[in-house]
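This report describes one protein chain for a reader who has not met it before. A single residue is taken up at the start, and the chain as a whole follows.

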Amino acid sequence: YGEKFGDEVLDFITKQLEENCGEGQFFVNLRSDVFMIVTEYEKEETLLDFIHCIDRSIHCFKDVKFQMSYGVYTVEDNKMELRQMEDRAAMARKAAKNNILTNILFYKEQFKDTLYNRKFIEENMQTAIAEKQFMMYLQPKYSIAKNEIIGAEALVRWVHPERGMIYPDQFIPIIEENGFIRRVDYYIWEEASRFIRRCLDTGIKPCPVSVNVSRVHLHENECIKVLSEIIREAGIPKNLLELEITESADSHHVSRKAFELKKEGFTLLMDDFGSGYSSLNILLETPFDVIKLDKKFMENMMVSSKGRLILEQVVMMADKLEMGLLAEGVETNEQIELLRSIGCDQVQGYYYAKPMPADEFFELLKQQENEREKYCG
Ligand code: C2E
Ligand code: CA
Ligand code: CA
């Protein structure tokens, strides 16, 4: 919209704040699009009403809609440095910005840890790649009926020399924001391809390995080139490296990229089906080959007969659409029995195996092959 329009927006917001703030309520434009209001309040509800009022009055300007985020810090100690109060409100605001459920958050002590964690990750990620601290773990996928491994998913682990094992949930959201996920994903795609190569080289029947494709790639063209290059370099068949894509709010981008990848001959898995957003729409728009049922979705559905009916219909739908179906995060015998009874054969979860280092998975494959030979021979 340009700088001039930006200035008009800021003027507009200032005017609205002027109108909303009464006696004893002060506001200032701290910098660019960040404003601070200082007010007293008695009950949390009155404060929330006040914020909602402001939010309504500035939610759009000249047909342009705004996404506002509000962080609240309640001052209990008047001697605290003003700067520190401001920092805390800012932490709450940033948390609100990343929260899909609400745009208003009150400061919590744990935000400080979050900020500290973020700083640690941002300062150490480059070294981590250079020093090969990222490791590929593989989690087997099983066929219930055959009771054997039919594939694996590659999952990244950050093994830090001092902090030990750092799990993806702690660092992926941050490196998705700053784009560093590209490097990490490429590395895992390479490792997965090298693993498949190793199986081929040692005469072990390789199983397909699926890798996660961050949504960052879906907005860009680079990933298809990189994937093709990695596969060419490793000299492996394309169908052995499968791609897991998560449904997300911007289903349009997902669909477009999925079509391109499909055209290149890749197998596409729809990750976390049922975890949110419009799963069914995306099924219509996007050429996925396999649906991966989200762990929470399955758990929710299993506790009632209505839920089990929905689950059963999803299995049937996948079948009719000629799509594969795999249940994720399967932990109990009860879940296995239910899945078996409704015809979902492919599973991944702690019930069979946790993610493990690639060497360990290699041994597992070898062992399975030996047993099969013994059985057949
Ligand atoms: P995801 O793709 O849904 O991966 C499945 C997650 O569920 C993994 O967590 C796995 O360890 C965990 N899991 C598997 N079976 C069970 C079970 O029976 N019970 C429970 N409670 N959990 C189970 P992990 O490895 O911590 O990964 C978390 C998420 O981080 C992944 O979710 C994926 O979205 C992301 N991620 C992991 N590795 C990569 C990567 O290399 N690239 C990208 N872009 N994302 C990754
Ligand atoms: Ca996945
Ligand atoms: Ca998943």
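## K354 and its surroundings

In this predicted model, K354 counts as exposed because its relative accessibility is 52%, and the cut-off for exposed is over 50%. The residue sits in the loop that runs between β15 (346-347) and β16 (356-357).

Which residues does K354 touch, when those up to four places away in sequence are not counted? They are L138, Q139 and P140. Another residue to look at is G329: K354 and G329 are 25 residues apart in sequence, and their C-alpha atoms are 9.6 Å apart in space.

## The chain as a whole

The chain that holds this loop has 13 helices and 16 strands. Its C-alpha trace spans about 90 × 50 × 40 Å along the principal axes. While K354 counts as exposed, 45% of the 377 residues of the chain count as buried.

Contacts can also be sorted by sequence separation. Of those between residues at least 6 apart in sequence, 63% join residues at least 24 apart.

The table lists values for the surface and the charges of the chain.

| Item | Value |
|---|---|
| Accessible surface of the chain | about 21500 Å² |
| Share of the accessible surface belonging to carbon and sulfur atoms | 51% |
| Positive charges | 47 charges |
| Negative charges | 65 charges |
| Distance between the mean positions of the positive and negative charges | 3 Å |

Note on methods: Residues are numbered from 1 along each chain as its sequence is written. Chains are lettered from A and ligands numbered from 1 in the order in which they are written. This is a predicted model: local features need pLDDT of at least 70, side-chain atom pairs count only at pLDDT 80 or more; totals for chains, interfaces and linings use all residues. Side-chain values use heavy atoms; hydrogens and water are left out. Helices (H or I, at least four residues) and strands (E, at least two) are DSSP runs, numbered from the N terminus. Buried means under 20% relative accessible area, exposed over 50%, partly exposed in between (1.4 Å probe, protein chains only). Contact means heavy atoms within 4.5 Å. Accessible areas come from the Shrake-Rupley method with a 1.4 Å probe; for residues, only the protein chains shown count as cover. Lys and Arg count as positive and Asp and Glu as negative; His and the chain ends are not counted. The place of a charge is taken as NZ of Lys, CZ of Arg, CG of Asp or CD of Glu.
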